[in-house]
Amino acid sequence: MILEDLHTYQLHLIRERKIASSSLAQVVAALRFFYGVTCQKAWDIEQIPYPKRKRRLPVVFNQTELLRLFDAVQNLKHRAILMTLYAAGLRVSEVVHLRISDIDSQRMMIFVHQGKGRKDRYVTLSHRLLGVLRDYWKLERPTHWLFPGQDGQRPLTRASVHKFFKKAVRTTGLIKPITVHCIRHSYATHLLESGVDIRKIQLLLGHRSLRSTQIYTHVARNDLDGTPSPLDLLPDAIEP
């Protein structure tokens, strides 16, 4: 009887409350934990089903759009942040928590502390990015955090990054439905298009599962380049 009530409740959330699938997934996780762990019900936990996730392809910048974006940012610190996001494929939360000591110019590596899933990892330090970071450091002289907030004691907030990113997008006039996370998507897609092995990309992104990385195979041009449109194969149209 309890399972029937739970199913009815899920239908209520979907049909009446019209909550998003991500919110419903959180409810299901809480129910599974409560009844499976706290109450120790002898149920097959799969009988409290998760909603099917919508799989949307990521939106990516092309190289020209990225250059326009970087050029639209006059503040050197802000530009350095956006370029770091792209050059290393970092999440916003990862880039704002970088410390000066994480930039290893001898090994040309960047150390990422406790990324998603509480995992440390190394990513490649771009020579071009290193030059930008050195110019930024000479100007700002940060002492601990690479990109400190206004008080200098704490890192810049993610909200601040989203704010100046949106301003830069408006300046460029780009009309794609883009967010700052699209820079990370662009990093992965451009690496794949340049021939980098997908397992290396998985490692660089810090993905636990290769399945998460494989979504970029649906965005990269590799399998589509050289495939003609059937419209282009038709004989020339007869002039009216």
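**Exercise 1. The sheet**

How many bridges join strand 2 to strand 3, and in which direction do these strands run? Work through the sheet of this predicted model.

Solution.

Step 1. Strand 2 and strand 3 run antiparallel and are joined by five bridges.

Step 2. Two facing positions fix the register. Ile110 stands opposite Val123 in strand 3, and Gly115 stands opposite Lys119 in strand 3.

Step 3. The hairpin of strand 2 and strand 3 has three residues between the strands. In this hairpin Gly117 takes a positive phi near 85°.

Step 4. Now take the whole sheet. It is open, with three strands in the order 1-2-3 and antiparallel pairing. Strand 1 (103-104) and strand 3 (119-124) each have a single partner strand and stand at the edges, so one side of each has no neighbour in the sheet.

**Exercise 2. The nonpolar cores**

Find which residues touch the most other members of the largest nonpolar core, and which elements contribute to this core.

Solution.

Step 1. The largest nonpolar core has 52 residues, and Phe61, Leu82, Leu85 and Ile183 touch the most other members.

Step 2. The elements that give two or more residues to this core are helix 3 (63-71), helix 4 (76-88), helix 5 (92-96), strand 2 (109-115), helix 6 (127-140), helix 7 (158-172), helix 8 (182-193) and helix 9 (198-205). Helix 4 supplies the largest share, seven residues.

Step 3. Next, list the surroundings of Leu85. With residues up to four places away in sequence not counted, Leu85 touches Leu90, Arg91, Val92, Val95, Val180 and Ile183.

Step 4. Another core lies apart from the largest one. This other core has eight residues, among them Leu3, Leu13, Leu24 and Tyr35.

**Exercise 3. The two sides of helix 9**

Decide which residues of helix 9 are buried and which are exposed, and say how the buried ones are arranged about the axis.

Solution.

Step 1. The buried residues in helix 9 are Ile198, Ile201, Gln202, Leu204 and Leu205.

Step 2. Viewed down the axis of helix 9, the buried residues lie within an arc of 165°, so they line one face of the helix.

Step 3. Arg199, Lys200 and Leu203 are exposed on the other side of helix 9.

Step 4. The packing partners of the buried residues of helix 9 are strand 3, helix 8 and helix 10 (210-214).

Step 5. Finally, inspect the ends. At the N-terminal end, Asp197 caps helix 9, with a side-chain oxygen 2.9 Å from the backbone nitrogen of Arg199. Just after helix 9, Gly206 takes a positive phi of about 80°.

**Exercise 4. Two buried residues with polar side chains**

Classify His190 and Thr84 as buried or exposed, and describe the contacts of each.

Solution.

Step 1. His190 is in helix 8. The relative accessibility of His190 is 13%, so this residue counts as buried, the limit being under 20%.

Step 2. The His190 side chain reaches the backbone oxygen of Phe61 at 2.9 Å. Beyond its neighbours within four places in sequence, His190 is in contact with Phe61, Asn62, Gln63, Leu66 and Tyr86.

Step 3. Thr84 is in helix 4. At 1% relative accessibility, Thr84 counts as buried.

Step 4. Beyond its neighbours within four places in sequence, Thr84 is in contact with Gly89, Leu90, Val95, Leu98, Leu129, Leu133 and Phe147. The C-alpha atoms of Thr84 and Leu130 are 9.3 Å apart, with 46 residues of separation along the chain.

**Exercise 5. Aromatic pairs**

Count the aromatic pairs, then give the geometry of the Phe70 and Tyr86 pair and of the Tyr136 and Phe147 pair.

Solution.

Step 1. The count comes to three aromatic pairs.

Step 2. The ring centres of Phe70 and Tyr86 are 6.4 Å apart and the planes stand at 50°, so the pair is tilted. This pair links distant parts of the chain, with Phe70 in helix 3 and Tyr86 in helix 4, 16 residues apart. Phe70 counts as buried, at 9% relative accessibility.

Step 3. Tyr136 and Phe147 form a tilted pair, with 5.3 Å centre to centre and 35° between the planes. Tyr136 lies in helix 6 and Phe147 in the loop between helix 6 and helix 7, 11 residues apart. Both Tyr136 and Phe147 are buried.

How values were computed: Residues are numbered from 1 along each chain as its sequence is written. This is a predicted model: local features need pLDDT of at least 70, side-chain atom pairs count only at pLDDT 80 or more; totals for chains, interfaces and linings use all residues. Side-chain values use heavy atoms; hydrogens and water are left out. A nonpolar core is a set of buried Ala, Val, Leu, Ile, Met, Phe, Trp, Tyr and Cys residues joined through side-chain atoms within 4.5 Å. Buried means under 20% relative accessible area, exposed over 50%, partly exposed in between (1.4 Å probe, protein chains only). Helices (H or I, at least four residues) and strands (E, at least two) are DSSP runs, numbered from the N terminus. Contact means heavy atoms within 4.5 Å. Two strands pair if DSSP finds at least two bridges between them. The arc is that of the directions from the helix axis to the C-beta atoms. A polar contact is a pair of N or O atoms within 3.5 Å; within protein, one must be able to donate a hydrogen and the other to accept it, and residues adjacent in sequence count only if both atoms are side-chain atoms. Rings of Phe, Tyr and Trp (its six-membered ring) pair if their centres lie within 6.5 Å; planes under 30 degrees apart count as stacked, over 60 as edge-to-face and the rest as tilted.
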